[in-house]
There are 2 protein chains.
Amino acid sequence: MSKQMQCHGGQMGIFGCRFSLYPMDSDFVPIILGALEKTDTSAVWSASDALSTVYRGGLDNVVDAVAALLLNAWREDCHMALEGQFSEGCPGDVTADLPKSLDPSCPNRESIGEIHFPVSCKLALYPMGTKDYMPLIMQVKDMAEEHGLRLNHIHYATRVDGDVQQVFSYLEAVCKLSREHASHYALHFTISMNSPTEE
Amino acid sequence: MSKQMQCHGGQMGIFGCRFSLYPMDSDFVPIILGALEKTDTSAVWSASDALSTVYRGGLDNVVDAVAALLLNAWREDCHMALEGQFSEGCPGDVTADLPKSLDPSCPNRESIGEIHFPVSCKLALYPMGTKDYMPLIMQVKDMAEEHGLRLNHIHYATRVDGDVQQVFSYLEAVCKLSREHASHYALHFTISMNSPTEE
């Protein structure tokens, strides 16, 4: 992280996602690298280390790239999970490590928009710097069913089940609502595909 | 979650962890189930679904059980990640789904205390309901080196590398410090073992 450009005050508009993909498969390396390579990252700034990858840029472009990463990774009969955190407005954030533009371009949308499969997702939203954060969290839960998702309340998180496109559309809507209510927020999510666990 | 016992006001002392174990191995089912079965959960309340498992109880006992789960899962040459969120004091929490006692007993400590291997961990702390949350986050970063861990600042998280016992000791210390400063906090962490990625 470029310390010299630290702005000591998060700017709304600089959005990011740190994520990790976990294919429960002994052949995990080509699955992860293949998905990363297949994803068009021209509209985001990205960096990877041994634990995770980060995409930074405008909200629409980051969500587009993360959704593409998951959709490009998916394969029938392979149990996989994507763990991520969307974040915007952290007071410690910097105005460096950015793509050329924050304007929406969503270069992956066309190639991924018609891919559908069921997923399970758990999410936890943290609106920071305000005493009055519970109403937003409750509103976000109510929004799940408006997005066509099945909702379950679980300890420390919310669980939603539905089509992968609806889940990403919901997560994006949660971020867009959160930025109106909090100068800094984080949304942690985990999306699971092809779990062998029967419920 | 037992709605009828919702207390609408988180109580400090009721601590929990929702976690998922991801063995990057086609034989992941016996690794996950074996680790869950080998872990002594007599001092926590637990529940599993297709996405994750939750342990609830006193802080010491929950950390003891989560550490044991990871140490029981570990095997040489298997890349694995444990994603978790420690949480305490959520206003929406309930006084149900608890073990018989919140008093520390740590039944796994003896069997796991002498197991050592290197891990990488990323963590993100969210002290809720206060405008003045950045000083605690900065203090927590400083604590990493006091625990013998190598510290790296990364976007949206802090990365620490070191021995697995030191990492759990550090995460426990972060929670114990956070409960002094915030009535509700969450600590998200991901611990990675045996990553094939060279850095």
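**Contacts of N194(A) and the sheet of chain A**

Trainee: Which residues does N194(A) touch, not counting residues up to four places away in sequence?

Mentor: This is a predicted model: local features need pLDDT of at least 70, side-chain atom pairs count only at pLDDT 80 or more, and totals for chains, interfaces and linings use all residues. Residues are numbered from 1 along each chain as its sequence is written, chains are lettered from A and ligands numbered from 1 in the order written, and side-chain values use heavy atoms, leaving out hydrogens and water. Contact means heavy atoms within 4.5 Å. The residues touched are W74(A), R75(A), E76(A), D77(A), C78(A) and H79(A).

Trainee: Which backbone oxygen does the side chain of N194(A) reach at 3.0 Å?

Mentor: A polar contact is a pair of N or O atoms within 3.5 Å; within protein, one must be able to donate a hydrogen and the other to accept it, and residues adjacent in sequence count only if both atoms are side-chain atoms. At 3.1 Å, the side chain of N194(A) reaches the backbone oxygen of R75(A). At 3.0 Å, the partner is the backbone oxygen of C78(A).

Trainee: How far apart in space are N194(A) and W74(A), C-alpha to C-alpha?

Mentor: N194(A) sits in the segment after β8 (185–193) of chain A; strands (E, at least two residues) are DSSP runs, numbered from the N terminus, as are helices (H or I, at least four). In sequence, N194(A) and W74(A) are 120 residues apart. In space, C-alpha to C-alpha, the separation is 9.2 Å.

Trainee: What is the strand order in the open sheet?

Mentor: Two strands pair if DSSP finds at least two bridges between them. Pairing in this sheet of 8 strands is antiparallel. The order is β2-β3-β1-β4-β8-β5-β7-β6 (chain A).
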